[in-house]
Amino acid sequence: MLLFETGIWVSDGKWHHVCITWESGRGCVQAYKDGVLINSKTAYMRGRPILPFGIWIIGQDQDTLGGGFTSHDAFHGSLTEVNVWDRVLDASEISTLANSKCGSGMKGNYRAYNDFVPYGGVRKYKPSCCEQ
C-alpha cells in the first residue's frame with residue numbers, strides 16, 4: 001500500500017476543515033486544510049479503482065484486513081460532518097465548505113454524515129452551529 005503524507009496538522013484544540021481529493025485517472029491527490037491546498041501529488045495509485053462492498057473505517061489504523069485494531073493507533077479527538085462524494089470537488093467548493101458555518105448544507109452524494117454508523121465508544125456529534 002502506498003501512503004500519501006498530507007502534511008496536515010490539526011492537533012491544536014481548534015476545529016478544522018480537512019478535505020482530501022483523489023482522481024483515479026491521473027492519480028491526482030490533494031490535501032486541503034481550512035480551504036487552503038497544503039499538499040498534492042500526481043500519479044498516486046493511477047487507474048486504481050475503489051472496489052465496492054468495502055467497509056469504511058475512519059479514525060483507526062487497520063493492521064490486518066478486517067481487524068488488527070489497537071487503541072494506541074486510534075484517532076483521539078472529535079470529527080463531525082464527514083461526507084464522501086463520487087467526484088472530485090473543485091477548489092471553490094472546498095473553500096465554501098471550509099469557510100461556511102457547518103458547510104453550508106452541502107452533503108456528500110456518495111455518503112453523507114448521517115449515513116455513517118458509529119461503533120464502539122464513538123458518538124456522533126453535531127456542533128451547535130449545525131443544529132437547525
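**View 1. The whole protein, with 23% of its 132 residues buried.** Buried here means under 20% relative accessible area, while exposed means over 50% and partly exposed lies in between (1.4 Å probe, protein chains only). This is a predicted model, in which local features need pLDDT of at least 70 and side-chain atom pairs count only at pLDDT 80 or more, whereas totals for chains, interfaces and linings use all residues. Residues are numbered from 1 along each chain as its sequence is written, and side-chain values use heavy atoms, leaving out hydrogens and water. The accessible surface comes to about 9800 Å² (Shrake-Rupley method, 1.4 Å probe), and carbon and sulfur atoms own 55% of that surface.

**View 2. One helix and three strands.** Follow the chain from the N terminus and you meet the elements in the order β-β-β-α. Helices (H or I, at least four residues) and strands (E, at least two) are DSSP runs.

**View 3. A nonpolar patch on the surface.** Meet its members: Trp56, Ile58, Phe75, Leu79 and Tyr110, with about 490 Å² of accessible area together. Patch residues have over 30% relative accessible area and no salt bridge (Lys or Arg side-chain nitrogen within 4 Å of an Asp or Glu carboxyl oxygen), and nonpolar side chains are joined within 5 Å. Leu79 sits in the loop between β3 (36-41) and α1 (91-99); with a relative accessible area of 40%, Leu79 is partly exposed.

**View 4. Arg111 and the ring of Tyr110.** The charged end of Arg111 sits over this ring, 4.8 Å from the ring's centre. To count, CZ of Arg must be within 6 Å of the ring centre and within 35 degrees of the ring normal.

Technical notes:
Patch = residues over 30% accessible without salt bridge, like charges linked within 9 Å, V, L, I, M, F, W, Y side chains within 5 Å.
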